[in-house]
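Got your viewer open? Load the model, keep the selection tool handy, and follow along one stop at a time.

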Amino acid sequence: MNKKELIRRITDLIHEKNIRKPVSCPKQVFHISDDYGSTKDFTIKQTDKKVMYTVEDVEVVIDAAILAIENALKRGEDITVFGFGTLKLNYRKARKTKRFGSDEEVSVKARYVPKFTFGNNLRMCAKVYEMSLKDRNKLPLPIYDEDEDSGNDYGDNDGIDCEDCGGGN
């Protein structure tokens, strides 16, 4: 997925969830005078409106988030989003490697590279995807010998009575 597709998907989700941005309206003052020269001021404050986010709004937010991440990494700071993951700089030592397609040795200088460590929510997303592949029979299920294996992949089934999750008693 490229940046444009990401922005489009985020905008679609915002519209689907009916998330709106608040827009405040300024006060309006009306001056009314009668035939005798007396004046009255009426102040009308309109209620705040809520309007939908546009693709341009989401694009600005995504661009700002990317810029903030780049600036933080330039300063050597770690970026941690709870449940999503951590992005930080990792120091790679100098090493020697072979050039692809030949036996020529090349030395690679020491440098910092960005490293992403995923959080639990992303780990669960990968697990859900893996399970959906198993459901569609695209990923072969492991074959267990009943003599060797006494339950699910996680050892004892700990009293779980669920045939769908592998612990069927």
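What follows is a walk from the whole fold to a pocket, some salt bridges and a few single residues.

**Before you click**

You're looking at a predicted model, where local features need pLDDT of at least 70, side-chain atom pairs count only at pLDDT 80 or more, and totals for chains, interfaces and linings use all residues. Residues are numbered from 1 along each chain as its sequence is written, and side-chain values use heavy atoms, with hydrogens and water left out.

**Stop 1: the whole protein**

Switch to cartoon view. You should find three helices and nine strands; here these are DSSP runs, numbered from the N terminus, with helices being H or I of at least four residues and strands being E of at least two. Trace the chain along its sequence and the pattern reads α-β-β-β-β-α-β-β-β-β-β-α.

Now think about cover. Of the 169 residues in the protein, 10% are buried. Buried means under 20% relative accessible area, exposed means over 50%, and partly exposed is in between (1.4 Å probe, protein chains only).

**Stop 2: the second largest pocket**

Select Ala65, Ile69, Val81, Phe84 and Phe116. Among the 13 residues that line the second largest pocket, these lie nearest its centre. A pocket here is an open set of points on a 1 Å grid over the protein atoms alone, where a 1.4 Å probe fits, with protein on both sides within 12 Å along at least five of seven lines; lining residues have an atom within 4 Å of a point. Rolling a probe the size of a water molecule over the atoms shows where empty space is left.

The second largest pocket holds about 350 Å³ of space. That volume is the space filled by probe spheres set on the points, which are joined across faces, edges and corners.

Which elements give two or more residues to the lining of this pocket? Colour helix H2 (55–74), S5 and strand S6 (85–92) to see them. H2 provides the largest share, four residues.

Try colouring the lining by class as well: ten residues are nonpolar, three are polar and none is charged. In this scheme Ala, Val, Leu, Ile, Met, Phe, Trp, Tyr, Cys and Pro count as nonpolar, Asp, Glu, Lys and Arg as charged, and the others, Gly among them, as polar.

**Stop 3: a nonpolar patch**

Keep Val81, Phe84 and Phe116 selected and add Phe118. Together these four form a nonpolar patch on the surface, with about 380 Å² of accessible area. Patches are made of residues with over 30% relative accessible area and no salt bridge, where nonpolar side chains (Val, Leu, Ile, Met, Phe, Trp, Tyr) are joined within 5 Å and like charges within 9 Å. Accessible areas come from the Shrake-Rupley method with a 1.4 Å probe, and for residues only the protein chains shown count as cover.

Zoom in on Val81, which sits in strand S5 (residues 79–81). Val81 is partly exposed, at a relative accessible area of 44%.

**Stop 4: salt bridges**

The whole structure has five salt bridges, each one a side-chain nitrogen of Lys or Arg within 4 Å of a carboxyl oxygen of Asp or Glu. Here are some to pick out.

- Show Lys3 and Asp63: their closest N and O atoms are 2.2 Å apart. Lys3 lies in helix H1 (residues 3–16) and Asp63 in helix H2, so this pair ties together parts that are 60 residues apart in sequence.
- Show Glu104 and Arg99, whose closest N and O atoms are 3.4 Å apart. Glu104 is partly exposed at 43%, and Arg99 is too, at 44% relative accessibility.
- Show Glu130 and Lys134, with 3.9 Å between the closest N and O atoms. They are four residues apart in helix H3 (residues 120–135), so about one helical turn separates them.

**Stop 5: single residues**

Is Val58, in helix H2, buried or exposed? Val58 is buried, with a relative accessible area of 4%. Measure C-alpha to C-alpha from Val58 to Ile14 and you'll get 9.3 Å, though they are 44 residues apart in sequence.

Next, try Lys21 in strand S1 (residues 20–23). The C-alpha atoms of Lys21 and Tyr53 are separated by 6.4 Å, with their positions 32 residues apart along the chain.

Finish at Asn18, in the loop between H1 and S1. Most residues other than glycine have a negative phi. Asn18 isn't a glycine, yet its phi is positive, about 60 degrees. Asn18 counts as partly exposed, at 45% relative accessibility.
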